[in-house]
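Biologist: Please take a close look at one part of this model, and then place it in the rest of the chain.

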Amino acid sequence: MNRNVSTRVLAAAPARPARPTALRSAPRFQPKKKSVVGRIFRWLVFLGIVGAVVAPFFVKAPNGNTYADLYVIPASQGAYHWVRDKISPPEEEEAATPKKDPGPSELDTKFDEAVTQREKGEAAKAPEAADEAVAFLEKELDASGRRIDVVREVGVAASKSAPRKTRVGTAQAVEELAAQAAAQKRIAAALAKRKSEQDVKAALAAVPPPPPPPPPPPAPPPPPAVVFYDLKKLHAWPAQPVGTWVRWKKTTGETVSHEDHVLATLTEEAAVVRIEAVPGNQAISERVFIFGADKARVLREESLKVGDAEILCLVVQSGSTLRWIPKEGPGADRVALRVQAGDQTSAVTELSEEEVPVKGEAKKCLKYTVGDVTVWGHDDVPGFAVRVKTGAETAEVIAWAADPTARPAIKRPVAAEERSEETLLAEAERLKIHGWVMLREVIEAMKTPPTEPEKLKTIFLDLETAAALLTKAREVYLLAKEKASDPAAIEQTVSILGRVLDIAARYTDSIKLRLK
């Protein structure tokens, strides 16, 4: 019977007979009426669905949660619990008891220990010894790696929302992980440095010790004392008094001339020998011999070969000139076997002894040859030379004395006395020009000297001819000077001819060296 249908009981009315009801072909559907509670429940469900659909447009759920997670499900659970509590209210629970703190988890303990060990490691100092320091740092490096693994594990656990296995927060774990990494980096750098020091120490230990220093060289012997050579013995003139003279007779074919060598000046340093023409005693040239005590220094001893003989010589330096003077034998202190002056060198090619008549008396003389010049010398004659042969010319000593006034005069040839000044000057000028032209040709040819010996001999003969002409011109000028009204001009010409003859003599020596 439907509760929503109320019935009335009519007590006074008589009962009516039942009406016959017509039969229906099919029953008609009639909706069943719902209770108030059911209606309320249905509206709540409907509103919850509408709210779940509309709320996401107005409510922003954090951490990836949906609106249903935040409101719908809790609301449905709350409704469920409310209904459950209304249907069967829970019994009163006993008085609440305080829950015990479970304490730090295993991960928390590991984390705290990792932090403590890091702080201790940062405060610790490595030993001073290299080996101990390397072992200590290697141990610390391994421990830091293990601590980093622990902190990483705690950080992973802290990042999970549930279940919570650690009280350490994610930010704290990340910060500690960075500190652990920095500590590991410092330990690795210190370890690399100590290992490098250890390697260097090992490399140095492997290097063999240096050999002991050699003993100091013996002290060099003291330089030999400087020894000087007395050139007075070689030049011979310094042994004579001033004024000593020597007369020479020169013969060239049929031409005979005379000249005197006079010791004009003598000092402690040098001697000057003046060459005068005879007759007239006019100065032709001068020869200077330098022999100061400190002018010639002995450099060494050296053997020199002359012919087949080996002769021990002293090498003597005087200025820029080197001389090889025999130390013993007949030529000792009398002749230089070799003379080197700049780029000019002359050498003795023959050395012997030979008897030569001197003032009609045979004397044993020293004979030596230099190029085409052969000299005979004896100690009795001032200047040592007794005879000199040069090509076709032969010069011999015929007299000498220490007294200048004892020089005999030579009478002039009659032909020379009869000739006038003009004749003599004209002849001298002709000889001078002819000789000077030939000398200039020789000088031009020697600017590029030929290498063929035949050409050199031709130039040498021309040079001898030019020198003979110039010498004859000088002699004629000196004869003309005695009759000249202006002797000074002739004296100047004679001086010029003397210098020209010196030039010719230098070229003569140069050509002789090339012909050797």
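Modeller: Start at Val316. Leaving aside its neighbours within four places in sequence, Val316 is in contact with Tyr229, Ala296, Arg297, Val298, Thr321, Leu322, Arg323 and Ile325; contact means heavy atoms within 4.5 Å. The model is predicted, so to speak of local features a pLDDT of at least 70 is needed, side-chain atom pairs count only at pLDDT 80 or more, and totals for chains, interfaces and linings use all residues. Residues are numbered from 1 along each chain as its sequence is written, and side-chain values use heavy atoms, with hydrogens and water left out.

Val316 belongs to the largest nonpolar core, which has 43 residues; Tyr229, Val316 and Leu337 have the most contacts inside this core. Strand S7 (residues 309-318) gives the most to the core, with five residues. A nonpolar core is a set of buried Ala, Val, Leu, Ile, Met, Phe, Trp, Tyr and Cys residues joined through side-chain atoms within 4.5 Å. Buried means under 20% relative accessible area, exposed over 50%, and partly exposed in between, with a 1.4 Å probe and protein chains only. Helices (H or I, at least four residues) and strands (E, at least two) are DSSP runs, numbered from the N terminus. In soluble globular proteins, nonpolar side chains tend to be buried together.

Tyr229 leads on to Asp333, which is found in the loop between strand S8 (321-326) and strand S9 (338-341). The side chain of Asp333 makes a polar contact with that of Tyr229 at 2.5 Å. A polar contact is a pair of N or O atoms within 3.5 Å; within protein, one must be able to donate a hydrogen and the other to accept it, and residues adjacent in sequence count only if both atoms are side-chain atoms. Beyond its neighbours within four places in sequence, Asp333 is in contact with Tyr229, Lys233, Leu234, Ile325 and Pro326. Asp333 and Lys233 are 100 residues apart in sequence, yet 5.8 Å apart in space, C-alpha to C-alpha.

A second, separate core of 30 residues was found besides the core around Val316; Leu431, Leu439, Ile459 and Phe460 are among its members. Two of these names, Leu431 and Leu439, recur among the buried residues of helix H8, as do Leu424, Ala428 and Val442. Helix H8 (residues 421-445) has 25 residues that should span 36 Å at 1.5 Å a residue, and its end C-alpha atoms are 36 Å apart, which agrees; the expected span is 1.5 Å times one less than the number of residues. The cover over the buried residues of H8 includes helix H9 (453-483) and helix H10 (487-514).

Helix H5 (residues 170-206) has 37 residues and reaches 53 Å from its first C-alpha to its last, close to the 54 Å expected. Its buried residues are Ala173, Glu176, Gln180, Ala183, Ile187, Leu191 and Arg194. An α-helix has 3.6 residues a turn, so residues three or four places apart point the same way. Helix H3 (106-123) and helix H4 (130-159) are included in what covers the buried residues of H5.

Among the strands, S3 (residues 255-266) and S4 run antiparallel and are joined by eight bridges; two strands pair if DSSP finds at least two bridges between them. Three residues lie between S3 and S4 in this hairpin, and Glu259 stands opposite Ala277 in S4. Eight of the nine residues of S4 (residues 270-278) are buried, so S4 is largely enclosed by the rest of the structure.

For the whole chain, there are 10 helices and 14 strands, and 29% of the 516 residues count as buried.
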